[in-house]
Amino acid sequence: MKTLNYILIALVLTSLSACKSSAVNTNKMTAKNGWITLFDGKDLSQWHAYNGGEPTQWSIVNDELIFKPAENRRRSENLVTNEVFESFILNIDWKISEGGNSGIMWAVQEKDSFGEPYVTGPEIQILDDQKHPDSKAGVTHRSGALYDMIGAPAGVVKPVGEWNNYLITINHEANEGIVVMNGVEVVKFPLKGEAWDEMVGKSKFSNWSDFRKVLEGKIALQDHGHEVAFKNIKIKKL
């Protein structure tokens, strides 16, 4: 009888071990699943300061990536990915400071003569819609907007101090850009053709010779002189 009990116990343990192994494998598959982690709360190995150099005004605190402008600084310090991307889905959480301004750009090109990533890369706006004066410039300057081109609705962004989520899709094959903020689709826009050209032509970028001339580029987190935090940054190539 004891031998039979031992056999039964062994079978149960083997079954539990198999289930555990299966769960682990499933978790690994879910963690991959086409997504690339750009920031895991531990290091900045996937990023560098725009136009080269080690970031000095970006820090990691409690698994959050925080930008805080240095006193008496001489220039901005935007953060860009090491890798270039063309069509993708970007997932990112962000939290802006009171009266703050920032943004996320794509198709960014690096060259000393450009100076800032927005010279080449379109921007999805991050803003304190209540207190930053840029919000008074119209709906195309609100959080979630394709900056100065396509406006975002009011009331979707969370208050200062709370985390917001962006799911940004840039799909050149479908000629479609989509911004989902906190689970709500707020902006949809074309990426090329007459509709894109018309949109740019009516914006401040109409005479910018290098603006979004290249589809493939880096993703940038903007230094606009205000404290801002990011976390859970991952990307899936399309």
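In which sense, and over how many bridges, do β6 and strand β13 pair? In this predicted model, β6 and strand β13 (residues 228–237) pair in the antiparallel sense, and the pairing extends over 8 bridges. Within this pairing, L90 has I235 of β13 as its bridge partner. Strand β6 is also joined to strand β9 (residues 164–171), with which it runs antiparallel, and 7 bridges connect the two. Here N91 stands opposite L167 of β9. The strand itself, covering residues 88–96, is mostly covered, since 8 of its 9 residues are buried. In a regular strand, side chains point alternately to the two faces of the sheet.

A further arrangement of strands is an open sheet, in which 5 strands follow the order β2-β5-β12-β7-β8 with antiparallel pairing. The edges of this sheet are occupied by β2 (47–49) and β8 (123–127). Each of these two strands has a single partner strand, so one side of each is left without a neighbour in the sheet. On average, and with direction ignored, neighbouring strands of the sheet are turned by 20° against each other. One of the pairings in this sheet links strand β5 (residues 79–81) to strand β12 (residues 218–221); the two run antiparallel and are joined by 2 bridges. In this pairing, V80 has A220 of β12 as its bridge partner.

The loop between β4 (64–67) and β5 contains S76. Although S76 lies in a loop, this residue counts as buried because its relative accessibility is 18%, and the cut-off for a buried residue is under 20%. The side chain of S76 makes a polar contact with the side chain of E116, at 2.5 Å. When neighbours within four places in sequence are left aside, S76 is in contact with E116 and D223.

Attention may next be given to the empty space inside the model. Rolling a probe the size of a water molecule over the atoms shows where such space is left. The count comes to 1 cavity of 30 Å³ or more, and the volume of the largest cavity is about 30 Å³. Its lining consists of F88, L90, I104, M105, W106, I168, I170 and I219. The elements that give two or more residues to this lining are β6, β7 (101–108) and β9. The largest share, 3 residues, comes from β7. L90 thus appears in two settings, as the bridge partner of I235 and as one of the residues lining the largest cavity.

Backbone angles were also examined. Most residues other than glycine have a negative phi, and most peptide bonds are trans. Against this background, two residues may be described. N51 has a positive phi, near 65°, and is placed in the loop between β2 and β3 (58–61). A107 likewise has a positive phi, near 60°, but lies in strand β7. Which of the classes buried, partly exposed and exposed applies to N51? N51 is partly exposed because its relative accessible area is 26%, a value that falls between the limits of 20% and 50%. A107, by contrast, counts as buried, because its relative accessibility is 1%.

Methods:
Residues numbered from 1 in each chain as written. Predicted model: local features only at pLDDT ≥ 70, side-chain atom pairs only at ≥ 80, totals over all residues. Heavy atoms only, no water. Pairing = 2+ DSSP bridges. Helix = DSSP H or I, 4+ residues; strand = E, 2+ residues; numbered from the N terminus. Axes fitted to C-alpha atoms, helices over the stretch in contact; angles between N-to-C directions. Buried < 20%, exposed > 50% of the residue type's maximum accessible area, 1.4 Å probe, protein only. Polar contact = N/O pair within 3.5 Å; in protein donor to acceptor, adjacent residues only side chain to side chain. Contact = heavy atoms within 4.5 Å. 1 Å grid on protein atoms, 1.4 Å probe; cavity = no way out; pocket = protein on both sides within 12 Å on 5 of 7 lines; lining within 4 Å. Points joined across faces, edges and corners; volume = space filled by probe spheres on them.
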